[in-house]
Amino acid sequence: MSRRYTPKTGQRPQSERQLTVRSERREVPDYDKLTELLIRLSLQPPRDTTAPDHQEPSGLVS
């Protein structure tokens, strides 16, 4: 014999929720610094993802 589900958290269904949007003023980003950062990151050599500290999850059998 199964019981009917009764929510106990008091959450409203999505159709009953009221959404609001709030704007927040922020400083204008420094595009020169962001551009330099992007260039530096793109010029870095790729990292080796097969380094010795990388381990396969335990429990897997090869």
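Q: What makes the meeting of the Arg40 and Glu36 side chains a salt bridge?
A: A salt bridge needs a side-chain nitrogen of Lys or Arg within 4 Å of a carboxyl oxygen of Asp or Glu. The side chains of Arg40 and Glu36 meet at 2.9 Å, N to O, so the pair fits that definition. Opposite charges on side chains can pair when the charged atoms come close. Please keep in mind that this is a predicted model, where local features need pLDDT of at least 70 and side-chain atom pairs count only at pLDDT 80 or more, while totals for chains, interfaces and linings use all residues. Residues are numbered from 1 along each chain as its sequence is written, and side-chain values use heavy atoms, with hydrogens and water left out.

Q: Where do Arg40 and Glu36 lie?
A: Both are in helix 1, four residues apart, or about one turn of the helix.

Q: Why is Arg40 called exposed, and what is Glu36 called?
A: Buried means under 20% relative accessible area, exposed over 50%, and partly exposed in between (1.4 Å probe, protein chains only). Arg40 has 54%, so Arg40 is exposed. Glu36 has 42%, so Glu36 counts as partly exposed.

Q: Which other side chains meet in a salt bridge?
A: Those of Arg26 and Glu24 do, at 3.2 Å, N to O. Arg26 has a relative accessible area of 67%, so this residue is exposed. A search of the whole structure finds two salt bridges.

Q: How many helices and strands does the protein have?
A: There are one helix and zero strands. These are DSSP runs numbered from the N terminus: helices are H or I with at least four residues, and strands are E with at least two.

Q: How do you know what span to expect of helix 1?
A: The expected span is 1.5 Å times one less than the number of residues. Helix 1, residues 31–43, has 13 residues and reaches 18 Å from its first C-alpha to its last, close to the expected 18 Å.

Q: Why is helix 1 said to lie largely in the open?
A: The number of buried residues among its 13 is zero, so helix 1 lies largely in the open. Across the protein, buried residues make up 0% of the 62 residues.

Q: Why is Val28 called exposed?
A: Val28 has a relative accessible area of 66%, so Val28 counts as exposed. Val28 lies in the segment before helix 1.
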